[in-house]
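This report describes selected features of a protein model for a reader who is new to structural analysis. Please keep the sequence and the structure in view while reading.

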Amino acid sequence: MSKTILIQDHLRPALPTVLGCRDYQEQEQLLLRVDQILRVSGVERLFVGLSLERYQAAAAGPVKAGDLVRQSERSEKALRCTVLKNILEEDYREMSVRLAQCQLFRWFCRLPELESVRVPGKSTLQEYANWLPHEEMGKVLAQLREAMVDEDRAREIGLEAELDMDVAWVDTTCLKANIHFPADWVLLRDSVRTLIKNILTIRRHGLKVRMPEPGDFIAAMNAQSMAMSAAARRKPGSKKARKRVLRAMKKICRTVREHAERYERALDKRWSETDLTRREAEVILRRMKRVLDQLPEALRQAHERIIGERPVANADKILSLYEEDIHVIVRGKAGADVEFGNSLFVAETVSGFILDHELRRDTSPGDAKWLQERYPKMKEASGDRLCAAVGDRGFDSAGSRRMLDEQEAFNGLCPHDSRKMQRRLREDEAFIGAQKRRAQTEGRIGILKNVFLQGVPRAKGFKNRELQMDWAVLAHNLWVVARCAWASKEQAAAEAA
């Protein structure tokens, strides 16, 4: 690994003493502890080291020492700014403002404060959030886990003891994609809007092909969308009205498609007549091609559902023109009977530390098989201490029971058989205690999704959502460890002596 160059702590300005605001004092204590965890656990050093390796690998030749120093400093800022953003639940724009306003936040992110204050803008913060890929973020998460199961390192950080990793509470959920409800006709509206906006962009940059006013097509499709919404209400003749509106929508789509294809060909051949670079033109061409390729299938899907009144298999449905790797997830819960996104597996310890997580690109194999796949990795992540798994009845199966028996682990999974369930609730005290604690796992998932991911992730593409999940888990685990029981200064001094 490349030599890591870190900013020296004595160059960081001392924080002022703030009295009269308990909330600020608690936030200051939290960030002081997170800062110590990052430094002592080796997470920051590993993150910067991985960043320098990627930087040197991408360089055409030898890298100067000054460039390594600057890249090291930027890597530190990337780690700390992104962790702080997740803890504060801010978007990129507001996070930049908060950094400019608060000295505590600038201190935590190691931002220089000499003659002037310089903070990263929203675009730089977004770049920070994509600093390392998912595979290397996995190594960073593993580094934190290893520090938490090692007694000496945990005490060096300041904890009273290492974290308990003996029992894992597991659950699955749906990480929703940032799309609207995928009604079939909405895909047609999205197609028209995207294609017309790209046509307007091409015309604005100096390339025009004869066609009617582009904005008229958006207005016409909006009018049909309102008519479709009105026809969706249950009243006499609504079914015929929906079919009539869809036929009008299809006519608009075909016309817009013809114009878009002509503009696509013109931009590809005559891009030099515009003020766009070839690379910028390629971005527009990719956006148009993506929609044009899916439009025939979207038209067929809407026709089958509304005019043909025939169901379309979930595997064949287009849920979004812009997100490929999302699925229909039937949950059967109040307010969430069906969700659209990716399945997420989460395993937490008794302290709330997330021991393991996985976001699936493909469809879920089922909770029971998923647990069987992840258990060996969970046991390795716990430092081989894991000896029990607790979950709902979705995880129970003959394979799960056999796997836990082979691992000589306590089976805290709810049995499918209601009679077995009642018997265990009467006779097995360990099972009763584990099931009472299981309610907190639902809350843990809510905290992870609604706080650290801010609800629905706004990242586009599965890889970006997967990376955003990694950052959320890292920030969450740092937050959990910082709120655990820490040894007093007197006790720490005595142990150091």
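## Helix H14 and its surroundings

On the other side of helix H14 from its buried residues, Asp 405 and Glu 406 are exposed. The model discussed here is a predicted one.

Which residues of H14 (residues 398-406) are buried? They are Gly 399, Ser 400, Met 403 and Leu 404. These four residues lie on the same side of H14, because they cover an arc of only 130 degrees around the axis. A general property of helices helps in reading this pattern: an α-helix has 3.6 residues a turn, so residues three or four places apart point the same way.

The buried residues of H14 pack against three elements, namely helix H13 (367-381), strand S5 (388-391) and strand S6 (410-413). Just after H14, Glu 408 adopts a positive phi of about 55 degrees.

## Helices H15 and H16

The next topic is a pair of helices. H15 spans residues 418-427 and H16 spans residues 429-452. Their axes come within 6 Å and cross at roughly 105 degrees. Angles of 65 to 115 degrees count as roughly perpendicular, and H15 and H16 are therefore roughly perpendicular to each other.

On the H15 side, the contact is made by Met 421, Arg 424, Leu 425 and Glu 427. H16 contributes Glu 429, Phe 431 and Ile 432. By class, this contact of H15 with H16 has four nonpolar residues, three charged residues and no polar ones.

## Cysteines and accessibility

How many disulfides does a search of the whole structure find? The search finds zero. A disulfide is a covalent bond between the sulfur atoms of two cysteines. Cys 81 is in no disulfide, and the nearest cysteine sulfur, that of Cys 109, is 3.7 Å away. The cut-off for a disulfide is a pair of sulfur atoms within 2.5 Å. For Cys 387, the closest cysteine sulfur is in Cys 414, at 18 Å, which is too far for a bond.

The two cysteines can be set beside Leu 68, a residue of helix H3 (residues 65-88). The table lists their relative accessibility.

| Residue | Relative accessibility | Class |
|---|---|---|
| Cys 81 | 1% | buried |
| Cys 387 | 37% | partly exposed |
| Leu 68 | 14% | buried |

Leu 68 counts as buried because buried means under 20% relative accessible area, and the value for Leu 68 is 14%. Leu 68 and Phe 462 are 394 residues apart in sequence, and their C-alpha atoms are 31 Å apart in space.

Definitions and conventions:
Residues are numbered from 1 along each chain as its sequence is written. This is a predicted model: local features need pLDDT of at least 70, side-chain atom pairs count only at pLDDT 80 or more; totals for chains, interfaces and linings use all residues. Side-chain values use heavy atoms; hydrogens and water are left out. Axes are lines fitted to C-alpha atoms, for helices over the stretch in contact, and angles run from 0 to 180 degrees between N-to-C directions. Angles under 35 degrees count as roughly parallel, over 145 as roughly antiparallel, 65 to 115 as roughly perpendicular and the rest as oblique. Contact means heavy atoms within 4.5 Å. Ala, Val, Leu, Ile, Met, Phe, Trp, Tyr, Cys and Pro count as nonpolar, Asp, Glu, Lys and Arg as charged, and the others, Gly among them, as polar. Buried means under 20% relative accessible area, exposed over 50%, partly exposed in between (1.4 Å probe, protein chains only). The arc is that of the directions from the helix axis to the C-beta atoms.
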